[in-house]
Amino acid sequence: MASLTGTIKVIFYIILFYYLFKFLMRIFAPILMQKAVNKMQEKMQEQYRQQQEQQNRTSQASAPTPKPKKEVGEYIDYEEVK
């Protein structure tokens with residue numbers, strides 16, 4: 001059978017670890033959340049850049065290139081002779 005002092009020690013350690021965990025989470029949770037937000041923001045920016053590059057490629061590929069005019073020769077202005 002477990003002794004009373006052993007049971008009290010276990011309860012004390014559980015409470016101690018609980019408050020220690022709570023204290024450490026107050027310190028480290030904002031840091032961890034900020035890292036997660038920064039990582040998500042970088043992913044979103046990378047996706048936006050890729051989307052912009054893809055749109056630029058498709059707009060350049062679909063834009064018709066102007067055809068150069070064919071030069072047939074020199075233009076000569078004829079005068080009517082009477």
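**Surface features and side-chain contacts of a single-helix model**

In the predicted model, Glu46 is partly exposed, its relative accessible area being 36%. With this value between the 20% and 50% limits, the residue counts as neither buried nor exposed. The side chain of Glu46 meets that of Arg49 in a salt bridge, with an N to O distance of 2.9 Å. Arg49 is likewise assigned to the partly exposed class, at 43% relative accessibility. The two residues are three positions apart in helix α1, so about one helical turn separates them.

A search of the whole structure yields two salt bridges. Besides the contact between Glu46 and Arg49, a salt bridge links Glu53 to Arg57, where the closest N and O atoms are 3.6 Å apart. This distance satisfies the criterion because a salt bridge requires a side-chain nitrogen of Lys or Arg within 4 Å of a carboxyl oxygen of Asp or Glu. Glu53 and Arg57 are both located in helix α1, at a spacing of four residues, or about one turn of the helix. Glu53 is partly exposed, with a relative accessible area of 42%, whereas Arg57 is exposed, at 54%. In general terms, side chains of opposite charge can pair when their charged atoms come close.

The secondary structure of the protein consists of one helix and zero strands; helix α1 covers residues 4-62. Of the 82 residues, 0% count as buried. The protein exposes about 9,100 Å², of which carbon and sulfur atoms supply 62%.

A nonpolar patch on the surface is formed by Phe12, Tyr13, Leu16, Phe17, Leu20, Phe23, Leu24, Ile27, Phe28, Ile31 and Leu32, which together have about 1,100 Å² of accessible area. One member of the patch, Tyr13, lies in helix α1 and is partly exposed, with a relative accessible area of 42%.

Aromatic contacts were also examined. Three aromatic pairs are found in a search of the whole structure. The rings of Phe12 and Tyr13 have centres 5.9 Å apart and planes at 55°, so this pair is classed as tilted. Tyr18 and Tyr19 form an edge-to-face pair, with 5.2 Å from centre to centre and 75° between the planes. The latter assignment follows because planes over 60 degrees apart count as edge-to-face. Tyr18 is partly exposed, its relative accessible area being 47%. Phe12, Tyr13 and Phe17 constitute one aromatic cluster; these residues are also among the members of the nonpolar surface patch.

Notes:
Residues numbered from 1 in each chain as written. Predicted model: local features only at pLDDT ≥ 70, side-chain atom pairs only at ≥ 80, totals over all residues. Heavy atoms only, no water. Buried < 20%, exposed > 50% of the residue type's maximum accessible area, 1.4 Å probe, protein only. Areas by Shrake-Rupley, 256 points an atom, 1.4 Å probe, with all protein chains shown as cover. Patch = residues over 30% accessible without salt bridge, like charges linked within 9 Å, V, L, I, M, F, W, Y side chains within 5 Å. Phe/Tyr/Trp six-rings, centres within 6.5 Å; stacked < 30°, edge-to-face > 60°.
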